[in-house]
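Okay, thanks everyone for coming. Let me put the structure up on the screen, and then I'll talk you through it.

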There are 2 protein chains.
Amino acid sequence: MTRVGIAAYGITPFTKNDQNIESVLLGSVKNLFDNNAKINRDDVDAVLVSTNDNSKYLAPILSEMTGIQPKIAHSIENLCNSGTNTIVSAYSYIASGLAEMVLISGAERYDSPGQILTWDNSRGEFKHPIFWASIFTKSYKQKFSISDEQLALVSVKNHKQAQKNPNALPMGTCTIQDVVNSKKLTDDLRLLDCSRPCTGSASILLASEKIAKKNIDMPIWITGIGQKTTSAGFTKNDSFSSMESTKLAGQAALKMASYNTKDIDVTEIHDAFSVCEPMALESLGFSDMGKGMRVIKEAHETNNFKINPRGGLIGSGHPLGATGIAQTIEITQQLQSKAGSRQVDDAKVGLIHNMSAAATSSTVLVLEK
Amino acid sequence: MTRVGIAAYGITPFTKNDQNIESVLLGSVKNLFDNNAKINRDDVDAVLVSTNDNSKYLAPILSEMTGIQPKIAHSIENLCNSGTNTIVSAYSYIASGLAEMVLISGAERYDSPGQILTWDNSRGEFKHPIFWASIFTKSYKQKFSISDEQLALVSVKNHKQAQKNPNALPMGTCTIQDVVNSKKLTDDLRLLDCSRPCTGSASILLASEKIAKKNIDMPIWITGIGQKTTSAGFTKNDSFSSMESTKLAGQAALKMASYNTKDIDVTEIHDAFSVCEPMALESLGFSDMGKGMRVIKEAHETNNFKINPRGGLIGSGHPLGATGIAQTIEITQQLQSKAGSRQVDDAKVGLIHNMSAAATSSTVLVLEK
């Protein structure tokens, strides 16, 4: 079977702008083609849009705006991991032989309807993600004796790292005290523990090995894929202090790529809220359970950007349908040694973790040179 | 590469019911599993939802309701051909080796937001499909000297055939005069020339050859796939009396299956409006340009159900995200000789045509025993 590579990418700064979704999508696609003049739009077999926006027919609309007449065109939605679901779908179109080159574009507006899961009205106000995040935070802190101050380091580190990311939503740095003193949203959650909704777009072009090797200077290969959905409602989770879908997706992705966690040089972790970063690192096997903050603290103190180099969701903003694609672009840049002042030394293998709705669904990808 | 087969299907009657989308989806999935007790839900690797509904995270929600914990789960939208886009995506997941068994469920409510394309507000009221349908009808009638009465036969035939479809939206039969005397929507379009929005659901299970041959009595194989998007806005069409995307998708599907139009025994044609049936038959190569009504007339007069045996969209209703899947179920039943009083004699090879937005996008599938 053909290998599938990342042949090009485009991204635009995350903002709070009130633009229509078509313009947001177009921004990163234009950036992609502007920076990759060798790519012929006539060779694009499929255009897949990743978004939670309610607008319809966005893949044909983006195709028309971009001058592409693809075979395959449709939108994909799965809340916050729409982006990596779209990447895996594109992978399968290429690996199955139905396409040689697939354009993936993710975009969201700051007011995306995907920010609230309205299903199961019996939960009343608990439809908003801050409620599961609060329950996770309380559970994690109690089970592993972690303080608010310890957990706040996730936000401090990721805001620091985002300063090196030219596309991050501008937010500045913060201290531990800033985080714990920021607006109290629930008993266990402060404003600075949360990723911010924003307007943003990110696009990548996937290609078969044949096409990638012919046209692309430095393709990055997708060698591991793992996905798992355990439920839709977070109250079905077995635990509020670990992530079962993340664990299973991580195991599958590493197995497919024939790697171990110790082989991973750089990671993008879905830190929708501070507590998600240590929980995901633990469920992925990067540390023992309850010890994730030690790994994070060490990275922060040594100024090693290996965990969420672009600042994660907390540091750079969370445009839902674009997030998994922006994560994938970051790992691609790291493996190409093109991450500028965010560069992790000698990065050869990277991992992306992207999840939805209290980790009821996770995607893990392994990328390598 | 593995062949991909249709291993099971489920469908429920199309209605005007005001049910929530989750319940609509669940209906046909329950029907599928009730009728196929041998299938183990633990073997389902992916759950894909086809809909234009604005609800989010429907694939994980459907999975949780159905007791499935899939690897892959997401929704797909591309207006009226969401259904066949989802089938092709599922095909690629299996053909690429990422999945062995994929559940596809399409559903829509009668008030779906996919019935109007709001993009390009410069068109004013022309956002509703009746306007492109009216322009197509005027253009087709003028170019090929076809009368309103001649074209009305499409609706007469499809309402007649729908009487044999237990899942069709109940609408009764009609005469040529009933059609031309029905409510005038535009100068060139009458109410009975239009398919009706409705609430409906249809599900199929695709499986790899290995799984299908082990578990399934009579799998039907997907041997031809063709897709094309030429634009998003219908004013970009080269012609208003033929369908370029349908022509290209049809050629690709027949080429992949190594068949000719004369090998096709039964077809599902996307008759969103009366004029679409002859136009699509012509663009697919089943007749010369402008002669599609002759083929339709002959089939009607000989009571041969080979074109839209279940009554098409006009006869059975058009629940957008479910339509392409319901079409695929019809062809599957025909090839399995399980179509009851709709059965076309000796049907061995069938073709499905499903399109969106004035044929700016088309999917064509070839199925065989």
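I'll start with the overall fold, move to the place where the chains meet, and finish with a few elements and loops.

One thing up front: this is a predicted model, so please keep that in mind throughout.

Okay, chain A as a whole. Chain A has twelve helices and eleven strands. Its radius of gyration comes out at 19 Å, and the globule rule gives 21 Å for 369 residues, which is close, so chain A is as compact as a globular protein of that length. If you prefer a box, the C-alpha trace spans about 55 × 45 × 35 Å along the principal axes. Of the 369 residues in chain A, 64% are buried. And for the contact-map people: take the contacts in chain A between residues at least 6 apart in sequence, and 79% of them join residues at least 24 apart.

Now, the two chains. How is chain A superposed on chain B? You rotate by 180 degrees, with 0.0 Å of shift along the axis, and the RMSD is 0.0 Å. So the two copies are related as by a two-fold rotation axis.

On to the interface. We have 49 residues of chain A in contact with 49 residues of chain B. On the chain A side, the elements giving two or more residues are helix H2 (58-66), strand E3 (72-77), helix H3 (82-95) and strand E8 (220-229). H3(A) gives the largest share, seven residues. By residue class, that side of chain A divides into 20 nonpolar, 22 polar and seven charged. And the copies meet through the same surface, because 100% of the interface residues of chain A are also interface residues in chain B.

There's strand pairing across that interface, too. E3(A) is joined to E3(B) by three bridges, and the two strands run antiparallel. If you want a pair to click on, Glu77(A) stands opposite Ser75(B).

Staying with the interface elements, let's look at H2(A). Is H2(A) enclosed or open? Eight of its nine residues are buried, so H2(A) is largely enclosed by the rest of the structure. The buried residues include Leu58(A), Ile61(A), Leu62(A) and Glu64(A). What does the covering? From chain A it includes helix H1 (21-34), strand E2 (46-50), E3 and strand E4 (101-108), and chain B brings in strand E8 (220-229) and strand E11 (361-368). Right after H2(A) you get Gly67(A), with a positive phi near 75 degrees.

Next, the strands toward the end of chain A. Strand E10(A), residues 349-356, is mostly covered, with seven of its eight residues buried. E10(A) has pairings with two strands that I'd like to show you. Strand E9(A), residues 266-268, runs parallel to E10(A) and is joined to it by three bridges. In that pairing, Glu268(A) has Ile352(A) as its bridge partner. Then strand E11(A), residues 361-368, runs antiparallel to E10(A), with eight bridges, and there Leu351(A) is partnered by Val366(A). The hairpin of E10(A) and E11(A) has four residues between the strands, and Ala357(A) in that hairpin takes a positive phi near 45 degrees.

Over to chain B for a helix, H4(B), residues 129-144. Does the length work out as expected or not? At 1.5 Å a residue, its 16 residues should span 22 Å, and the end C-alpha atoms are 22 Å apart, so that agrees. Buried residues of H4(B) include Trp132(B), Ile135(B), Phe136(B) and Tyr140(B). Their cover includes strand E5 (184-186), strand E6 (189-190) and helix H9 (276-284), again of chain B. Just after the helix, Ser145(B) takes a positive phi of about 50 degrees.

Last stop, two loop serines with positive phi. Ser337(A) has phi near 55 degrees, and it's in the loop between helix H12 (320-335) and E10(A). Ser337(A) has 14 C-beta neighbours inside 10 Å, so it counts as partly exposed. In chain B, Ser258(B) has a phi of about 60 degrees, in the loop between helix H8 (244-257) and strand E9 (266-268). Ser258(B) is exposed, because just 10 other C-beta atoms lie within 10 Å and the cut-off is 12 or fewer.

That's my tour, happy to take questions.

Note on methods: Residues are numbered from 1 along each chain as its sequence is written. Chains are lettered from A and ligands numbered from 1 in the order in which they are written. This is a predicted model: local features need pLDDT of at least 70, side-chain atom pairs count only at pLDDT 80 or more; totals for chains, interfaces and linings use all residues. The radius of gyration is taken over C-alpha atoms; the globule rule is 2.2 Å times the number of residues to the power 0.38. A residue is buried if 20 or more other C-beta atoms lie within 10 Å of its own, exposed if 12 or fewer, and partly exposed in between; C-beta atoms are placed from the backbone. Two residues are in contact if their C-beta atoms, placed from the backbone, lie within 7 Å. Ala, Val, Leu, Ile, Met, Phe, Trp, Tyr, Cys and Pro count as nonpolar, Asp, Glu, Lys and Arg as charged, and the others, Gly among them, as polar. Two strands pair if DSSP finds at least two bridges between them. Copies are superposed by least squares on the C-alpha atoms of residues with pLDDT of at least 70 in both. The expected span of a helix is 1.5 Å times one less than its number of residues.
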